[in-house]
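Biologist: I would love to go through this one with you, asking how each label was earned. Could you put the structure up for us?

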Amino acid sequence: MAIRIKNGMKGERQWTPYLFILPFLVSYALFFIYPAVYSLALSFFRYKGYGKASFIGFNNYKNLLTYRTLWMCLGNTLFYFIASFIPVMIVSFSLALIVRSKLVRKWQSLYKPIIFLPQVCAVVASSLCFKIIFGDRVGVFSQLAGHPIPFLSDNTLMKWVVVVLLTWRGIGWYFIIFLSGLTTISDEITEAATIDGAGPIATIFSIVIPMMKPTFMLAFITNAIGSLKIYTEPNLLLALNYDPPMQVAPYINLIINSMGGGQFGMASAAGWILVVVILILTLFQLNLFQGDE
């Protein structure tokens, strides 16, 4: 009898953790797995959002991959990602090194909020402020130059304005991530490198960066995923009447426009193409950082 009671209590203890995470598992299955599977199935159908869906196989994917606008929007998104990725990572890591250094470490409580401030600002407010600053006629730079500068009407300059906004907003976030990574490296290690004759540059490249490889991997992957899903910044900043020109529009616009046009199967297929692009990029970064370790 005592053994049966003991076994029953042991069984209850084994199931208790699963009961605590059950609400999350149910909501995850309901709001993520089911919509994902449904959208994958829908990508093989022609569906207007009502009535009967018609199975058309891979036609949605075939039409999208031969659609010039898809490659244009994908190219725009990759440009926003790559052009903002490099300055964001370099500047945020450099700022983290400076704030972590002994010279200014005691003023961290002052520097950190200031650097992180752009990330706290609402993206809508930030985009509208940048739209005023880079205005063609009455913008700050046009006023300083004494003549209109087509920041928001020239396709090339429009892309760079978005890159400036993304860089300005992203530096604070990745600065905190890199600063957290630097706190995992004890001062004894860097002091030992200094005693062995390593200069500041050699210490950074030979000690700090290799030890922060997991932090860099996290930063790079999250940046790639977030950048490839960009939507709000270019649409608020570059929209003329309703949407920005397709020459500068991000990839998500293709999905939104397909849904607005009642082409839900096409929108689902475009979404899954983006998933594949993100998956390939993530696997490349994992392989680059040897994430299997």
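Modeller: Gladly! A word on the labels from UniProt before we start: their positions follow the numbering used here, and such annotations may be inferred rather than shown by experiment. With that in mind, UniProt, in an unreviewed entry, places "domain: ABC transmembrane type-1" at residues 74-285. Please also remember that this is a predicted model.

Biologist: What makes up residues 74-285, in terms of helix and strand?

Modeller: That span is 75% helix and 0% strand, and its end C-alpha atoms are 19 Å apart. The protein chain as a whole has 13 helices and 2 strands.

Biologist: Why is the protein chain called more spread out than a compact globule?

Modeller: The globule rule is 2.2 Å times the number of residues to the power 0.38. For 293 residues that gives 19 Å, whereas the radius of gyration is 25 Å, well over the rule, so the chain is called more spread out than a compact globule. Along the principal axes, the C-alpha atoms fill a box of roughly 90 × 70 × 30 Å.

Biologist: Which residues carry the annotation "transmembrane region"?

Modeller: The unreviewed UniProt entry gives that annotation to several spans, including residues 78-98 and 110-134. In the model, residues 78-98 are 100% helix, with end C-alpha atoms 30 Å apart. Residues 110-134 are 88% helix and 0% strand, and there the end C-alpha atoms lie 29 Å apart.

Biologist: Let us pick one residue. Where does glycine 172 lie?

Modeller: Glycine 172 is part of helix H7, which covers residues 155-182.

Biologist: And why does glycine 172 count as buried?

Modeller: Buried means under 20% relative accessible area. Glycine 172 has 0% relative accessibility, so it counts as buried. Across the protein chain, 37% of the 293 residues count as buried.

Biologist: Which residues is glycine 172 in contact with, leaving aside its neighbours within four places in sequence?

Modeller: Those are Ile115 and Phe116. Contact here means heavy atoms within 4.5 Å. By contrast, isoleucine 21 is 151 residues from glycine 172 in sequence, and their C-alpha atoms are 33 Å apart.

Biologist: What share of contacts joins residues at least 24 apart?

Modeller: The share is 67%, counted among contacts in the protein chain between residues at least 6 apart in sequence.

Biologist: Last one: what supplies the exposed surface, and how many charged side chains are there?

Modeller: About 17900 Å² is exposed, with carbon and sulfur atoms supplying 71% of it. The chain has 20 positive and 11 negative side chains, and the centres of these two sets lie 13 Å apart.

Note on methods
Residues numbered from 1 in each chain as written. Predicted model: local features only at pLDDT ≥ 70, side-chain atom pairs only at ≥ 80, totals over all residues. Heavy atoms only, no water. Helix = DSSP H or I, 4+ residues; strand = E, 2+ residues; numbered from the N terminus. Buried < 20%, exposed > 50% of the residue type's maximum accessible area, 1.4 Å probe, protein only. Areas by Shrake-Rupley, 256 points an atom, 1.4 Å probe, with all protein chains shown as cover. Lys, Arg positive; Asp, Glu negative; His and termini not counted. Charge placed at Lys NZ, Arg CZ, Asp CG, Glu CD.
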